[in-house]
Amino acid sequence: MLRQIFTPTPQSPTFPVTVPDEWYGMDVEIIAFPVSHLNSRNNNTNLVKEQRQQKEEIRKKYSFSRNGYRFDREEANNYE
């Protein structure tokens, strides 16, 4: 994998991509998208906190312990 981050300017709208010699003759895919929002540690921290909170809310909503349910192995194995 090769990752190259750059900042385009009006004076340099194109950029060179240098690939390893082992990749010559192979099909190579280049994907470009802005990553400024990903580089911000504060935004990442907030995103992680938000995702954890959402997962916790879902877990609480569907938790058996919230309803007083407790798994009874003896009852589960009683086939009579």
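Is Val28 buried, partly exposed or exposed? Select Val28 in this predicted model. Its relative accessibility is 39%, so Val28 counts as partly exposed, because that class lies between the 20% limit for buried and the 50% limit for exposed. Along the chain, Val28 sits in the segment before H1.

**The whole chain**

Zoom out and colour by secondary structure. The protein chain has three helices and zero strands, and from the N terminus on the order of elements is α-α-α. Next, show the surface. The accessible surface of the protein chain is about 8,500 Å², and carbon and sulfur atoms account for 52% of that area. Of the 80 residues in the protein chain, 1% are buried.

**The nonpolar patch**

Keep the surface on and select Leu2, Phe6, Phe15, Val17, Met26, Val28 and Ile30. These residues form a nonpolar patch on the surface, and together they have about 590 Å² of accessible area. Val28, the starting point of this tour, is one of the members.

**Ile31 and Arg3**

Move to Ile31, which also belongs to the segment before helix H1, the helix that spans 36-39. Ile31 has 58% relative accessibility and therefore counts as exposed, since the exposed class begins over 50%. Now add Arg3 to the selection and draw a distance between the two C-alpha atoms. Ile31 and Arg3 are 28 residues apart along the chain, and their C-alpha atoms are separated by 10.0 Å.

**The largest pocket**

Stay with these two residues and display the pocket. The largest pocket has a volume of about 660 Å³. It is lined by 20 residues, and those closest to its centre are Leu2, Arg3, Gln4, Ile31 and Ala32. Sorted by class, the lining of the largest pocket contains 16 nonpolar, two polar and two charged residues. Leu2 thus appears at two stops: it is in the nonpolar patch, and it is among the residues closest to the centre of the largest pocket.

**The salt bridge in H2**

For the last stop, select helix H2, residues 41-61, and show the side chains of Glu56 and Arg59. The two residues are three apart in this helix, about one turn. Glu56 forms a salt bridge with Arg59, and the closest N and O atoms are 2.5 Å apart. The count of salt bridges comes to one.

How exposed are the two partners? Glu56 has 29% relative accessibility, so Glu56 counts as partly exposed. Arg59, at 54% relative accessibility, counts as exposed.

Definitions and conventions:
Residues numbered from 1 in each chain as written. Predicted model: local features only at pLDDT ≥ 70, side-chain atom pairs only at ≥ 80, totals over all residues. Heavy atoms only, no water. Salt bridge = Lys/Arg side-chain N within 4 Å of Asp/Glu carboxyl O. Helix = DSSP H or I, 4+ residues; strand = E, 2+ residues; numbered from the N terminus. Buried < 20%, exposed > 50% of the residue type's maximum accessible area, 1.4 Å probe, protein only. 1 Å grid on protein atoms, 1.4 Å probe; cavity = no way out; pocket = protein on both sides within 12 Å on 5 of 7 lines; lining within 4 Å. Points joined across faces, edges and corners; volume = space filled by probe spheres on them. Nonpolar A, V, L, I, M, F, W, Y, C, P; charged D, E, K, R; others polar. Patch = residues over 30% accessible without salt bridge, like charges linked within 9 Å, V, L, I, M, F, W, Y side chains within 5 Å. Areas by Shrake-Rupley, 256 points an atom, 1.4 Å probe, with all protein chains shown as cover.
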